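User: Could you walk me through how some helices and cysteines are arranged here? I am new to reading structures.

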Amino acid sequence: MALSACGGGKSNEPIGTVAAVSGYFGSVATDEPRATLAGRDVLANNGSAVDAAVATAFTLAVTLPSRAGVGGGGACLVHDARAKKTEAMLFPAVAPASTGPLPAAVPMMARGLFAMHARYGRLRWEQTLSAAEGFARFGYPVSRALAADLARHGERLAGDPEMTAVLLGPGRAPLAEGTTLTQVALAAFLTRIRSTGPGDFHAGRSALEFSEAARLSGAAISADDLRRAIPAWAVPPKVRFADEEMHWLPAPITGSEVAAQQWRRLADGGEYRRGGAAVARDASPVDAGTADGSTGFVVTDREGSAVACVLAMGRPFGLGRSARGTGILLAGPTDGAVARTMAAAMLINTNVNEFFLAAAAAGGSDAPSVLNGAMAASLIAQQPLDQVFTGLSPQRSARANIVACPAGAPRKSETCGTRADPRGAGLAAFPGQ
């Protein structure tokens with residue numbers, strides 16, 4: 001028996017083939033350029049939005065360790081066009097059962113991303129981690145985003161000789177933009193996670209080894225803590241907006257809850273009609289940026305599926321200490337103060353199963369206003385995406401990334417666009433259009 005198939009705008013190449021897709025194949029926007037390119041390459045290989053989100057998140061754990069890491073956690077909104085479903089995956093880093101000299105959290109990122117991939121991934125798990133592993137093993141030039149965080153917060157690594165040797169230069173001077181950074185120990189652990197999945201990291205030999213490595217660094221993360229760390233799917237709260245529904249990350253991501261309350265109040269009171277985007281972007285006090293240890297990103301694919309994620313290390317570079325010999329920075333728990341620095345939302349028309357907008361903001365307690373300001377500029381003021389960040393104060397610590405399809409996707413994908421916050425040093429990629 002022989003089968004063949006063809007279709008307009010779709011590739012006949014096997015899923016995972018390099019450059020398998022031609023034409024529009026989605027978008028990615030993050031706070032770090034190499035993470036954006038890693039997600040773009042997965043989309044170009046016919047990966048789903050979740051495949052690209054997994055690749056993007058793991059790459060951020062390597063190229064922006066100040067704000068994301070295997071030792072930390074996060075949360076994602078996922079809209080799957082095939083399943084016609086929008087869900088939230090919650091994997092915040094939690095405190096262990098016992099306390100040690102170092103108040104480190106139980107890592108959750110790998111297990112949370114694996115759960116997303118198991119439900120909505122299209123490529124093999126190993127394919128989604130190859131870029132991050134390669135950057136860690138073979139090195140990459142330090143981006144402007146990481147160089148800025150090293151200059152501002154690099155002293156937090158001074159108590160860890162291993163991370164000082166990796167992330168700080170001679171005389172403990174922060175690595176400058178363009179300096180090649182290699183993380184061999186982290187690459188070795190990523191190889192394990194790539195080849196065996198996070199199961200071994202949480203319930204196998206790697207769990208025992210990581211627990212011992214954490215103990216040597218002063219953290220009381222036991223193998224039982226790792227085994228009991230389970231991510232959870234949740235139904236996202238919704239706010240009606242015109243004919244669509246705005247979905248929000250639920251608790252414990254309190255920044256998103258605050259953003260939803262602000263958006264509902266603006267909508268119910270008609271304030272957004274009178275005050276426009278200015279009302280939304282000024283709703284929260286300015287955060288001067290004392291706890292910018294989190295980041296957010298958005299991904300869409302050509303089928304109209306989308307992902308909006310926030311990732312956190314607690315404070316910049318987490319606790320400034322690694323689990324000895326692993327290259328994995330230990331994060332603080334995602335407590336109330338950390339959860340307030342993150343927010344994400346997604347606009348979906350559930351009746352016709354079309355995607356319209358996704359945005360994620362992180363890096364400061366003013367994330368709700370930054371998120372709502374950008375969304376209101378796009379949805380209410382109907383400004384072009386290159387103007388939605390106009391008016392956001394440079395003093396605000398949080399940064400946002402956004403993708404919008406004003407006429408809906410996938411039906412009118414040609415109307416889609418994406419932007420990274422120009423106040424940061426990220427990158428938005430909208431290839432194939």
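**Helix packing and disulfides**

Analyst: Happy to help! Helix H2 and helix H4 make a right-handed crossing. Keep in mind as we go that this is a predicted model.

User: Are H2 and H4 roughly parallel or antiparallel?

Analyst: Their axes come within 8 Å and cross at roughly 20 degrees. Angles under 35 degrees count as roughly parallel. So the direction of H2 relative to H4 is roughly parallel.

User: How many nonpolar residues are in the contact of H2 with H4?

Analyst: On the H2 side, the residues include Val 54, Ala 55 and Phe 58, and they meet H4 residues including Leu 129 and Phe 135. By class, this contact has one charged residue, three polar ones and, for nonpolar, ten.

User: How is H4 oriented relative to H7, roughly parallel or antiparallel?

Analyst: H4 and H7 pack at an angle of about 170 degrees, with axes 8 Å apart. Angles over 145 degrees count as roughly antiparallel. Therefore H4 lies relative to H7 roughly antiparallel.

User: What is the handedness of the disulfide between Cys 76 and Cys 309?

Analyst: The sulfur atoms of Cys 76 and Cys 309 are 2.0 Å apart. This pair joins strand E2 to strand E10, 233 residues apart in the chain. The torsion about its S-S bond is about 110 degrees, so the disulfide is right-handed.

User: Is Cys 76 buried or exposed?

Analyst: Buried means under 20% relative accessible area. Cys 76 has a value of 0%, so Cys 76 is buried.

Note on methods: Residues numbered from 1 in each chain as written. Predicted model: local features only at pLDDT ≥ 70, side-chain atom pairs only at ≥ 80, totals over all residues. Heavy atoms only, no water. Axes fitted to C-alpha atoms, helices over the stretch in contact; angles between N-to-C directions. Helix = DSSP H or I, 4+ residues; strand = E, 2+ residues; numbered from the N terminus. Parallel < 35°, antiparallel > 145°, perpendicular 65-115°, else oblique. Left-handed = near helix turned anticlockwise from the far one by under 90°. Contact = heavy atoms within 4.5 Å. Nonpolar A, V, L, I, M, F, W, Y, C, P; charged D, E, K, R; others polar. Disulfide = S-S within 2.5 Å. Buried < 20%, exposed > 50% of the residue type's maximum accessible area, 1.4 Å probe, protein only.
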